[in-house]
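Biologist: I should like to examine this chain with you. May I put my questions in turn?

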Amino acid sequence: MSYKFDALVSILNWLETGEVVTPNYIQDNLEISERTAFRYVQTLEGAGFPIYYDKRIGSYRFMDGYSLRKPHLTVSESLALALAKVSLKSMSAGLDNELQHIEDKLAVAAHGLPDHIIISGDDFATDIHELFLAINDAIVTSRTVEFSYNAASTGKETKREVDPYYLYFGDGIWTMRGYCHKRKEMRAFSLDRIDGLKILGKRFVASKIRPQEEYNGTFGRFVDGDPVEVKLIFDKVSVPFLLRKKWHPSQETRELEDGRLEMNFTVNGILGIRPWIYRWLPNVEVVAPQILKNLVREELQASLLKNSGPGP
């Protein structure tokens with residue numbers, strides 16, 4: 001933390017506690033020149049703090065009614081804060097600490113989730129907080145990163161140089177999306193599979209990829225893959241559950257005359273939507289594309305073979 005930042009915080013604390021903050025008081029306590037003291041006060045004014053010089057007492061003051069201390073939170077505000085803390089904790093160990101720091105700065109009591117509200121889900125097992133912040137910094141400054149990547153699909157570790165574009169969270173996993181110099185294409189990298197990340201001095205010029213638009217094509221957390229049209233038909237028994245929410249931005253539904261439901265999606269590849277389809281077995285039929293229909297049939301036949309024998 002810089003000395004200037006600490007000095008500005010000190011000035012704010014003196015004003016908050018009602019000290020007589022004269023120009024000489026600032027100079028003597030911070031051991032700075034008169035010119036620097038005046039510049040620090042100007043910096044705080046420029047940042048939006050309502051500071052003025054009260055000639056009557058010869059001191060800088062806050063405008064009447066202003067305080068750094070925040071008012072007591074309402075019930076709904078407390079609940080919103082507690083929910084935010086739970087959400088961040090489930091994303092990555094450590095990120096919830098940032099919200100705790102904000103809570104401390106607000107000068108309010110810690111807010112936990114009420115006993116009558118339960119949120120379940122898998123926490124992210126690996127602490128990727130520092131890695132997340134490093135990649136975020138590389139994205140903001142448009143710098144290439146280097147790391148070792150242990151792919152879950154192959155178990156092989158490879159060295160990668162990647163121009164990071166954005167981060168996203170899905171299925172309990174944080175993932176970085178960027179241009180891979182090894183593969184010469186955009187790729188996705190799970191943060192828990194990244195080791196020894198370094199931010200290089202090389203800067204890159206990002207292509208005109210709009211993260212949200214690209215991510216809208218995912219189903220689950222799989223971004224890689226060309227857009228494909230998927231058509232599914234669900235039995236009548238599943239319809240009430242399917243219509244409770246929108247499962248994907250591209251989703252289109254059509255109720256059939258026999259009570260079944262047709263659902264159409266445009267997604268990146270077929271890997272992401274496949275596990276979701278299996279949630280609805282045996283009440284779902286894959287109509288298109290044929291490659292997905294064949295894959296589902298092959299995997300179900302393999303599973304049937306494994307489970308057809310006698311039990312232990």
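The exchange below treats the fold, the helices, the cores, the salt bridges and the backbone.

Biologist: How many helices and strands are there in the chain?

Modeller: This is a predicted model. Of the 312 residues, 36% count as buried. Among contacts between residues at least 6 apart in sequence, 57% join residues at least 24 apart. The chain contains 10 helices and 11 strands.

Biologist: Which element of the chain has the lowest mean pLDDT?

Modeller: The chain averages a pLDDT of 82, and 79% of the residues score at least 70. Where pLDDT is low, the predicted coordinates should not be read in detail. Among the elements, E11 has the highest mean, at 97, and the lowest, at 63, belongs to helix H4 (residues 75-91).

Biologist: How far apart are the end C-alpha atoms of helix H6?

Modeller: Helix H6 covers residues 129-141, which makes 13 residues. At 1.5 Å a residue the expected span is 18 Å, because the rise is counted once less than the number of residues. The model agrees with this expectation, its end C-alpha atoms being separated by 19 Å.

Biologist: Which residues of H6 are buried?

Modeller: A residue counts as buried when its relative accessible area is under 20%. In H6 the residues that meet this condition are His129, Leu131, Phe132, Ile135, Ala138 and Ile139.

Biologist: Which residues have the most contacts inside the largest nonpolar core?

Modeller: In soluble globular proteins, nonpolar side chains tend to be buried together. The largest nonpolar core here has 21 residues, and those with the most contacts inside it are Leu232 and Trp276. Elements that give two or more residues to this core include strand E8 (227-234), strand E10 (261-268) and helix H10 (290-307). Leu232 itself touches residues that include Leu261, Met263, Phe265, Ile277, Val284, Val286 and also Trp276.

Biologist: Of how many residues is the other core that lies apart from it?

Modeller: The members of this other core include Ile128, Phe132, Ala138 and Cys180. Phe132 and Ala138 are also among the buried residues of H6. The core consists of 19 residues.

Biologist: Is Leu15 buried or exposed?

Modeller: Leu15 is found in helix H1 (residues 3-16). Leaving aside residues up to four places away in sequence, Leu15 touches Val21, Ile51, Tyr60, Arg61 and Phe62. The C-alpha atoms of Leu15 and Ile51 are 8.8 Å apart, although 36 residues separate the two along the chain. With a relative accessible area of 8%, Leu15 is buried.

Biologist: Which residue meets Arg61 in a salt bridge?

Modeller: Side chains of opposite charge can pair when their charged atoms come close. Arg61 is partly exposed because its relative accessibility is 28%, whereas its partner is buried at 9%. The N to O distance in this pair is 3.1 Å, and the partner is Asp54.

Biologist: What is the distance between the closest N and O atoms of Asp258 and Arg260?

Modeller: Asp258 is partly exposed, with a relative accessible area of 47%. Arg260 is also partly exposed, at 27%. Their side chains form a salt bridge whose closest N and O atoms are separated by 2.9 Å.

Biologist: Which residues do salt bridges that share partners join into one network?

Modeller: The chain has eight salt bridges. One of them links Asp137 with Arg143 at 2.9 Å. Bridges that share partners form one network, made up of Asp54, Arg56 and Arg61.

Biologist: Where is Ser142, with its positive phi, found?

Modeller: Phi of Ser142 is about 55 degrees, although the residue is not a glycine. At 25% relative accessibility, Ser142 counts as partly exposed. Ser142 comes just after H6, in the loop between H6 and strand E3 (143-150).

Biologist: Is Glu31 buried or exposed?

Modeller: Glu31 is found in the loop between helix H2 (23-30) and helix H3 (34-46). Its phi is near 55 degrees, a positive value in a residue other than glycine. Its relative accessibility is 72%, and a value over 50% means that the residue is exposed.

Biologist: What is omega for the cis peptide bond from Ala288 to Pro289?

Modeller: Another cis peptide bond joins Leu281 and Pro282, with omega about 5 degrees; Pro282 is found in the loop between H9 and E11. Pro289 is found in the loop between E11 and H10. For the bond from Ala288 to Pro289, omega is near 0 degrees.

How values were computed
Residues numbered from 1 in each chain as written. Predicted model: local features only at pLDDT ≥ 70, side-chain atom pairs only at ≥ 80, totals over all residues. Heavy atoms only, no water. Helix = DSSP H or I, 4+ residues; strand = E, 2+ residues; numbered from the N terminus. Buried < 20%, exposed > 50% of the residue type's maximum accessible area, 1.4 Å probe, protein only. Contact = heavy atoms within 4.5 Å. Core = buried A, V, L, I, M, F, W, Y, C linked by side-chain atoms within 4.5 Å. pLDDT = per-residue confidence, 0-100. Salt bridge = Lys/Arg side-chain N within 4 Å of Asp/Glu carboxyl O.
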